[in-house]
Amino acid sequence: DAEANCPRVEHGFAVLRNLSNGCRHGHAILECLLPKVKSSAIKFGIGDVLQHTEFGWRGVVCGWSEECEEDDAWLRRNSALDKKDQPLYHMVCNDGKMRYGSQLAHDRVEGPLQLLHSVPARKYEFATEEIERLFHTFDHDEGAYVPNAHL
């Protein structure tokens, strides 16, 4: 019966969509691990602490891309269609989240990242562990985190 199979077919397509998204994200992670040549378009470096100019949250740069790696739906959800061809940065942020933000919306700030006290414990632990995993120490003279060898 075709109608009885319809939910199973829809479920099958949903699984395929999730696999496709998972492969895309997995590929993006692998791309971040490969050595890249930093072009003059990339303003910030790995370990720099950035602050969002509108929302104020801060993050430590742990990766970058010369143009947005997300699809148009992500760009629309994040009001970033005008930033599609701009450099974007992967960051561990002081609100306990991983963020992907435009170069145009951030400024470099001095000092190590201070996690917000209002962050739920599990997000606080996540951000702390990620910073410890990705960076060796904070260099006060350079004003940036020193990345571990794999970054």
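Biologist: Is Asp48 buried or exposed?
Modeller: Asp48 is buried in this predicted model. Its relative accessibility is 10%, and buried means under 20%.

Biologist: Where does Asp48 sit in the chain?
Modeller: In a loop. That loop runs between α1 (2-33) and β1 (49-52).

Biologist: And which side chain does the side chain of Asp48 make a polar contact with?
Modeller: The side chain of Arg108. The distance is 3.0 Å.

Biologist: Switching to Gln103. Which strands flank its loop?
Modeller: β4 (98-102) and β5 (106-108).

Biologist: Buried or exposed there?
Modeller: Gln103 is buried, with a relative accessible area of 12%.

Biologist: What does the side chain of Gln103 have a polar contact with?
Modeller: The side chain of Tyr89, at 2.4 Å. A polar atom of the Gln103 side chain also lies 2.9 Å from the backbone nitrogen of Lys43.

Biologist: New topic: the surface. Which residues form the negative patch?
Modeller: Glu66, Glu67, Glu69 and Asp85 form it.

Biologist: Take Glu66. Where is it found?
Modeller: Glu66 is in the loop between β2 (58-65) and α2 (72-77).

Biologist: How does Glu66 count by accessibility?
Modeller: Glu66 is partly exposed, at 38% relative accessibility.

Biologist: Why not simply "exposed"?
Modeller: Because exposed means over 50% and buried means under 20%. Glu66 has 38%, so it counts as partly exposed.

Biologist: Quick recap?
Modeller: Asp48 is buried and contacts Arg108. Gln103 is buried too, with a polar contact to Tyr89. Glu66 is partly exposed and belongs to the negative patch.

Methods. Residues are numbered from 1 along each chain as its sequence is written. This is a predicted model: local features need pLDDT of at least 70, side-chain atom pairs count only at pLDDT 80 or more; totals for chains, interfaces and linings use all residues. Side-chain values use heavy atoms; hydrogens and water are left out. Patches are made of residues with over 30% relative accessible area and no salt bridge: like charges are joined within 9 Å, nonpolar side chains (Val, Leu, Ile, Met, Phe, Trp, Tyr) within 5 Å. Accessible areas come from the Shrake-Rupley method with a 1.4 Å probe; for residues, only the protein chains shown count as cover. A salt bridge is a side-chain nitrogen of Lys or Arg within 4 Å of a carboxyl oxygen of Asp or Glu. Lys and Arg count as positive and Asp and Glu as negative; His and the chain ends are not counted. The place of a charge is taken as NZ of Lys, CZ of Arg, CG of Asp or CD of Glu. Helices (H or I, at least four residues) and strands (E, at least two) are DSSP runs, numbered from the N terminus. Buried means under 20% relative accessible area, exposed over 50%, partly exposed in between (1.4 Å probe, protein chains only). A polar contact is a pair of N or O atoms within 3.5 Å; within protein, one must be able to donate a hydrogen and the other to accept it, and residues adjacent in sequence count only if both atoms are side-chain atoms.
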